[in-house]
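Please open the model in your viewer and keep the sequence panel beside it. The stops below say what to select and what to look for at each one.

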Amino acid sequence: QVQLLESGGGLVQPGGSLKLSCAASGNSFSINSMGWYRQAPGQQRDLVASISITGSTEYADSVKDRFTISTNNAKNTVYLQMLSLKPEDTAVYYCKINTGVGVYASVYWGQGTQVTVSP
């Protein structure tokens with residue numbers, strides 16, 4: 001079993017920045033990819049950014065050039081640096097990791113951290 005612990009959310013003014021962290025822990029797991037999703041009230045959960053074990057990244061168009069995903073593989077931690085935040089970035093942010101391959105493949109989600117962008 002794998003546990004994900006998120007931190008770094010909060011209230012910030014438009015134009016401000018936040019950095020989210022998500023640390024994975026547990027027994028004998030091999031991470032294939034890590035990512036961040038967000039869900040605003042009444043909306044579906046959407047991909048914000050992801051990064052594979054090889055370092056390739058993917059971003060939602062709405063956050064390109066403002067958000068940066070990175071990892072510390074030694075600590076099994078994924079980060080999301082968010083700059084130039086906008087009110088429309090307000091949502092609960094969830095980290096997700098994919099582990100294993102084939103029949104051993106699994107997906108784990110964090111508990112979510114609230115990000116609110118408001119004057």
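The tour goes from an open sheet to the salt bridges and ends at one aspartate.

Before selecting anything, note that this is a predicted model, in which local features need pLDDT of at least 70 and side-chain atom pairs count only at pLDDT 80 or more, while totals for chains, interfaces and linings use all residues. Residues are numbered from 1 along each chain as its sequence is written, and side-chain values use heavy atoms, with hydrogens and water left out.

**Stop 1: the sheet**

Select β1, β3, β8 and β7, which in that order form an open sheet of four strands with antiparallel pairing; strands here are DSSP runs (E, at least two residues) numbered from the N terminus, and two strands pair if DSSP finds at least two bridges between them. Because β1 and β7 stand at the edges with a single partner strand each, one side of each is left without a neighbour in the sheet. From one strand to the next the twist averages 15 degrees, where axes are lines fitted to C-alpha atoms and angles run from 0 to 180 degrees between N-to-C directions.

**Stop 2: the two edges**

Now show the side chains of β1 (residues 2-7), where V2, L4 and E6 point to one face and are buried, whereas Q3, L5 and S7 point to the other and are not. Buried means under 20% relative accessible area, exposed means over 50%, and partly exposed lies in between (1.4 Å probe, protein chains only). In a regular strand the side chains alternate between the two faces of the sheet. Strand β1 is joined to the antiparallel β3 (residues 18-26) by six bridges, and E6 can be found opposite C22 of β3. At the other edge, six bridges join β7 to β8, again running antiparallel, and the bridge partner of N72 is T77 in β8.

**Stop 3: the salt bridges**

How many salt bridges does the structure hold? There are three, a salt bridge being a side-chain nitrogen of Lys or Arg within 4 Å of a carboxyl oxygen of Asp or Glu. Select D61 and K64 to see one of them, with 3.1 Å from N to O. D61 counts as exposed at 66% relative accessibility, and K64 counts as partly exposed at 42%.

Next select R38, R66 and D89, which are linked in a network of salt bridges. In this network D89 meets R38 at 2.9 Å, N to O. D89 lies in the loop between β8 (77-82) and β9 (91-99) and R38 in strand β4 (residues 31-39), so the pair ties together parts that are 51 residues apart in sequence. D89 also forms a salt bridge with R66, their closest N and O atoms being 2.8 Å apart. That pair links distant parts of the chain as well, since R66 sits in the loop between β6 (57-59) and β7 (67-72), 23 residues apart from D89.

**Stop 4: around D89**

Is D89 buried or exposed? With a relative accessibility of 1%, D89 counts as buried, and R66, at 10%, counts as buried too; R38 is likewise buried. Finally, display the residues that D89 touches, leaving out those up to four places away in sequence: they are R38, R66, F67, S84, V115 and V117, with contact meaning heavy atoms within 4.5 Å.
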